[in-house]
Amino acid sequence: MSAKPPLVTCPTCGKSVEWAPGNAWRPFCSERCKLIDLGAWATERYRVPVTEDKDQLEAQDPDAAPPPATAK
Ligand SMILES: [Zn+2]
């Protein structure tokens, strides 16, 4: 299955981003936007484990996290 990745909107800048497995910053368009968003909800307590924080981010922001279409 080589379906085209869906487009999502970057929560930080509103830019359209492909929800592709290769996009490490999804749903953000770039590392910068991801860091900006992290700073927005964890202004002082920027102390999250770096391991699996992507899934947590998606869970905390339902508006910006469409359900992953691909099963692992
Ligand atoms: Zn962005």
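A residue is called partly exposed when the number of other C-beta atoms within 10 Å of its own falls between the limits for exposed, 12 or fewer, and buried, 20 or more. The legends below use these words for a predicted model.

**Figure 1. Overview of the predicted protein chain and its elements.** The protein chain contains 2 helices and 2 strands, and when these are read along the sequence they follow the pattern β-β-α-α. Of the 72 residues in the protein chain, 15% are buried. Among the contacts that join residues at least 6 apart in sequence, 25% link residues that are at least 24 apart. The mean pLDDT of the protein chain is 77, with 60% of its residues reaching 70 or more. Among the elements, strand β1, residues 7–9, has the highest mean pLDDT, at 94, whereas helix α2, residues 53–60, has the lowest, at 60.

**Figure 2. Close-up of Cys33 in helix α1.** Cys33 has 19 other C-beta atoms within 10 Å and is therefore partly exposed, since a residue needs 20 or more to count as buried. If residues up to four places away in sequence are left out, Cys33 touches Cys10, Thr12, Cys13, Trp25 and Phe28. The C-alpha atom of Cys33 is separated by 9.9 Å from that of Gly14, although these two residues are 19 residues apart along the chain.

**Figure 3. Close-up of the cis peptide bond between Arg26 and Pro27.** Pro27 is placed in the loop between strand β2, residues 16–18, and helix α1. The peptide bond that leads from Arg26 to Pro27 is cis, and its omega is near 5°. As a general background to this view, most peptide bonds are trans.

**Figure 4. Close-up of Leu38 in helix α1, shown with Thr12.** Leu38 has 16 other C-beta atoms within 10 Å, which means that this residue counts as partly exposed. Along the chain, Leu38 and Thr12 are 26 residues apart, while their C-alpha atoms are separated by 10.0 Å.

**Figure 5. Close-up of Ala40 in helix α1, shown with Thr12.** Helix α1 covers residues 31–41, and Ala40 is found within it. Ala40 counts as exposed because it has 10 C-beta neighbours inside 10 Å, and the limit for an exposed residue is 12 or fewer. The C-alpha atoms of Ala40 and Thr12 are separated by 9.6 Å, although the two residues are 28 residues apart along the chain.

Technical notes. Residues are numbered from 1 along each chain as its sequence is written. This is a predicted model: local features need pLDDT of at least 70, side-chain atom pairs count only at pLDDT 80 or more; totals for chains, interfaces and linings use all residues. Helices (H or I, at least four residues) and strands (E, at least two) are DSSP runs, numbered from the N terminus. Two residues are in contact if their C-beta atoms, placed from the backbone, lie within 7 Å. pLDDT is the predictor's confidence in each residue, from 0 to 100.
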